[in-house]
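Hi,

Here is the structure I promised to pass on to you. Have a look at it first, and then read on for what turned up when I went through it.

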Amino acid sequence: MKPIFEVALELAEAHRIEDPETQSVFLAENDNEVRLVEISGSISNSGEVLPFRFAAHPEKGIPYASVVVLLSVDDWHRLKQGDLALPPGWGNPEGLKKIA
Amino acid sequence: MANEREWAVGYLAQARADLEGAKHVGAMQPSVFASLMQMAFEKFAKAALLRSGSITLDTATSSHRAASRMVAAMRRQRNLLKPIGGLHVWHAALEVVEALERAHPALAKEGAKLEYPWETPAGAIQWPARDLQIATKLGNPSSNLAAHLVDFATKIDRNFDGIFP
């Protein structure tokens, strides 16, 4: 099975194609699922960190479940300043790995 | 004490009931249709969040942006999902869900909103059945926006377990 990191890169690329206003994609490393934090100019400010978990699609080359958090640029800054927090178990923003 | 997943069952069931209500009302009463569709999308989104296992009940239920975030996140994954519609449908659905969300009474506050009348800066009283722009748009007989929206929500409903495990 492909490593999670490779699947994360593929998903990040697909998501950037889907939303060209995506500025950055970060991976919150985890052994069981792909956890992505995506910052986009197309997302409005909300002050909310909302993780949506999607099913795995092995038949389409995505053998892991994936969880996506979408943030506006402002909310991303608020997250880095500590005004917002990542979901429990995702660590802190400094621990995220930039993958796109 | 119920866990998040058990709460998700309740949210999903009520989302389905709201959607059925919206289908019955249809574009005959666009402002009521708009309210029911907003309620359905919000509850689908909260059910999805509660299933994620990454969020507390309080955070999920207090969210006012869950529906638009759900559709935006789904759009990014759309090539992995069972077909819900072409780009035009996704774009229209996101636009309507965002407009419905902005018109939620908790977000719109003193402005144009779903369900309740409001006062304009000039002092005129307006109400959703006559004056809410998104409801007028959904009720426009020259547009098939309401039909697309119902179809979109129905596909989310039918495929919910496959999309959000």
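Let's begin with helix H2 of chain A, residues 73-81, where the buried residues are Asp75(A), Trp76(A) and Leu79(A). These three cover an arc of only 105° around the axis, so they sit on the same side of H2(A). That fits a general rule: an α-helix has 3.6 residues a turn, so residues three or four places apart point the same way. And what lies over them? The cover for the buried residues of H2(A) includes S2 and S4 of chain A. Right after H2(A) comes Gly82(A), with a positive phi near 90°. Do keep in mind throughout that this is a predicted model.

Next, the sheet in chain A. Its 5 strands make an open sheet with mixed pairing, in the order S3-S4-S2-S1-S5. S3 and strand S5 (97-98) of chain A are at the edges with a single partner strand each, so one side of each has no neighbour in the sheet.

S4(A) is worth following a bit further, strand by strand:

- With strand S2 (residues 33-40) of chain A, S4(A) pairs in the parallel sense over 7 bridges. Glu38(A), for instance, has Leu70(A) of S4(A) as its bridge partner.
- With S3(A), the pairing of S4(A) is antiparallel, through 4 bridges. Here Phe52(A) stands opposite Val68(A) of S4(A), and Phe54(A) has Ser66(A) of S4(A) as its bridge partner.

S4(A) is also mostly covered, with 6 of its 7 residues buried.

Now for where the two chains meet. How many residues of chain A are in contact with chain B? There are 23 of them, and they touch 24 residues of chain B. On the chain A side, helix H1 (4-18), strand S3 (51-54) and strand S4 (65-71) each supply at least two residues. Sorted by class, that side of chain A has 14 nonpolar, 4 polar and 5 charged residues.

Chain B brings helices to this meeting place. One of them is helix H4 of chain B (residues 66-76), which lies across S3 and S4 of chain A and runs at about 125° to S4(A). Is H4(B) mostly covered or mostly open? Mostly covered: 10 of its 11 residues are buried. Among the buried ones are Met70(B), Val71(B), Met74(B) and also Arg69(B) and Arg76(B). The buried residues of H4(B) pack against elements of both chains, namely H1, S3 and S4 of chain A along with H2, H5 and helix H9 (145-163) of chain B.

Last, a pair of helices within chain B. Helix H2 (residues 30-52) and helix H5 (residues 87-102) of chain B have axes that come within 10 Å and cross at roughly 100°. H2(B) and H5(B) are therefore roughly perpendicular to each other. H2(B) contributes Ala34(B), Met37(B), Gln38(B) and Phe41(B) to the contact, while H5(B) contributes Val97(B), Leu100(B) and Glu101(B). By class, that gives 5 nonpolar, 1 polar and 1 charged residues.

If you want one place to start looking, try S4(A): it pairs with S2(A) and with S3(A), and H4(B) lies across it.

Cheers

Note on methods. Residues are numbered from 1 along each chain as its sequence is written. Chains are lettered from A and ligands numbered from 1 in the order in which they are written. This is a predicted model: local features need pLDDT of at least 70, side-chain atom pairs count only at pLDDT 80 or more; totals for chains, interfaces and linings use all residues. Two residues are in contact if their C-beta atoms, placed from the backbone, lie within 7 Å. Ala, Val, Leu, Ile, Met, Phe, Trp, Tyr, Cys and Pro count as nonpolar, Asp, Glu, Lys and Arg as charged, and the others, Gly among them, as polar. Axes are lines fitted to C-alpha atoms, for helices over the stretch in contact, and angles run from 0 to 180 degrees between N-to-C directions. Angles under 35 degrees count as roughly parallel, over 145 as roughly antiparallel, 65 to 115 as roughly perpendicular and the rest as oblique. A residue is buried if 20 or more other C-beta atoms lie within 10 Å of its own, exposed if 12 or fewer, and partly exposed in between; C-beta atoms are placed from the backbone. Two strands pair if DSSP finds at least two bridges between them. The arc is that of the directions from the helix axis to the C-beta atoms.
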